[in-house]
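Let's walk through this protein together, from its surface to its interior and on to its charged pairs. Please keep the structure open beside you as you read.

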Amino acid sequence: VSRIGVLRRAGKGSEVELVIKEVLTRLNQIRTNPTFKVDLGGSIFKRDFRKDGFDLVSDVEPLSGEYKFEALPLLKEGEDPVSGDEMLRRAKNLGAMLGQRDGENDKLTAGIPEELRSSYILLPGTVWVSRGSRERCVACLGWGGGRWIVRLDGLDGGCGSSGWLLVPRKP
């Protein structure tokens with residue numbers, strides 16, 4: 001039996017109205033956490049190649065945690081350039097599927113040995129395609145201006161001798 005029901009049965013409707021007003025006043029005083037809407041759309045990349053006429057084909061989640069990296073040349077000693085598809089297969093088999101967001105991580109690029117500066121680091125976990133030519137490209141790091149810069153390298157023309165893969169390993 002509620003207080004309002006007792007008052008109504010006793011014919012005290014005006015007191016019922018007072019109880020209802022009191023309850024509503026108390027409900028209005030209860031603080032709720034504010035909510036708001038924000039459109040967080042946009043690029044997940046520091047360098048968004050969509051602005052340069054490319055569409056994203058595939059991307060991997062960036063690594064998190066502590067890793068040691070082993071740098072491996074893409075080509076075996078004396079080997080001719082390989083197709084882009086073969087490079088992607090090798091990278092996957094080696095577990096070297098770093099993506100563009102990994103390459104944009106300053107903690108990673110700060111650790112790349114100086115001797116690799118004359119080469120480029122392939123980031124096969126991120127593949128783009130040109131809207132115009134439909135050429136597939138893979139993200140990679142090239143040294144320039146005193147730092148590692150994310151750029152694109154064509155997959156459809158083959159991958160050559162200066163390409164390296166980084167294999168992450170848990171310490």
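Which residues form a nonpolar patch on the surface? In this predicted model, the patch is made of Val23, Leu24, Leu27 and Ile30, and together they offer about 370 Å² of accessible area. Isoleucine 30 sits in the loop between helix H2 (13-29) and strand S1 (54-58). With a relative accessibility of 52%, isoleucine 30 counts as exposed, because the cut-off for that class is over 50%.

With that starting point in view, step back to the whole chain. Its secondary structure consists of 5 helices and 6 strands. Reading from the N terminus, the elements follow the order α-α-β-β-α-α-α-β-β-β-β. The chain has 171 residues, and 36% of them count as buried. Its accessible surface is about 11300 Å², with carbon and sulfur atoms accounting for 50% of that. If you look at contacts between residues at least 6 apart in sequence, 67% of them join residues at least 24 apart.

The aromatic side chains give you some of these long-range links to look at. How many aromatic pairs does a search of the whole structure find? The search finds 5. One of them brings together phenylalanine 45 and tryptophan 128, whose ring centres are 5.4 Å apart; their planes meet at 55 degrees, so this pair is tilted. Phenylalanine 45 belongs to the loop between H2 and S1, while tryptophan 128 is in strand S3 (residues 120-130), so the pair ties together parts of the chain 83 residues apart in sequence. Both phenylalanine 45 and tryptophan 128 are buried.

Tryptophan 128 has another partner, phenylalanine 49. Here the ring centres are 5.7 Å apart and the planes are at 70 degrees, so the geometry is edge-to-face. Phenylalanine 49 also comes from the loop between H2 and S1, and its pairing with tryptophan 128 in strand S3 therefore ties together parts 79 residues apart in sequence. Phenylalanine 49 is buried, as is tryptophan 128. Add Phe54 and you have the full group: Phe45, Phe49, Phe54 and Trp128 form one aromatic cluster.

Now turn to the charged side chains. Side chains of opposite charge can pair when their charged atoms come close. The structure holds 11 salt bridges, and a few are worth finding on your screen. One of them joins aspartate 52 and arginine 47, with an N to O distance of 3.3 Å. Aspartate 52 is partly exposed at 43% relative accessibility, and arginine 47 is partly exposed too, with a relative accessible area of 36%.

Another salt bridge pairs aspartate 55 with arginine 131, where the closest N and O atoms are 3.0 Å apart. Since aspartate 55 lies in strand S1 and arginine 131 in the loop between S3 and strand S4 (136-144), this bridge ties together parts that are 76 residues apart in sequence. Aspartate 55 has a relative accessible area of 30% and is partly exposed; arginine 131 is likewise partly exposed, at 42%.

Which side chain meets that of aspartate 85 in a salt bridge? The partner is arginine 136, at 3.0 Å from N to O. Aspartate 85 is in helix H3 (residues 84-94) and arginine 136 in strand S4, so the pair ties together parts 51 residues apart in sequence. Both ends are partly exposed: aspartate 85 has a relative accessible area of 38%, and arginine 136 has one of 24%. Elsewhere, salt bridges link Glu79, Glu86, Arg89 and Arg90 in a network.

One last stop is the cysteines. A disulfide is a covalent bond between the sulfur atoms of two cysteines. How many disulfides does the count give, with a cut-off of 2.5 Å between the sulfur atoms? The count comes to 0. Cysteine 137 takes part in no disulfide, and the nearest cysteine sulfur, belonging to cysteine 140, is 9.1 Å away. Seen from cysteine 140, its closest cysteine sulfur is that of cysteine 137, and at 9.1 Å the gap is too far for a bond. Both side chains are tucked out of reach by the accessibility criterion: cysteine 137 is buried, with a relative accessible area of 5%, and cysteine 140 counts as buried at 0%.

Terms used
Residues are numbered from 1 along each chain as its sequence is written. This is a predicted model: local features need pLDDT of at least 70, side-chain atom pairs count only at pLDDT 80 or more; totals for chains, interfaces and linings use all residues. Side-chain values use heavy atoms; hydrogens and water are left out. A disulfide is a pair of cysteine sulfur atoms within 2.5 Å. Buried means under 20% relative accessible area, exposed over 50%, partly exposed in between (1.4 Å probe, protein chains only). Patches are made of residues with over 30% relative accessible area and no salt bridge: like charges are joined within 9 Å, nonpolar side chains (Val, Leu, Ile, Met, Phe, Trp, Tyr) within 5 Å. Accessible areas come from the Shrake-Rupley method with a 1.4 Å probe; for residues, only the protein chains shown count as cover. A salt bridge is a side-chain nitrogen of Lys or Arg within 4 Å of a carboxyl oxygen of Asp or Glu. Helices (H or I, at least four residues) and strands (E, at least two) are DSSP runs, numbered from the N terminus. Contact means heavy atoms within 4.5 Å. Rings of Phe, Tyr and Trp (its six-membered ring) pair if their centres lie within 6.5 Å; planes under 30 degrees apart count as stacked, over 60 as edge-to-face and the rest as tilted.
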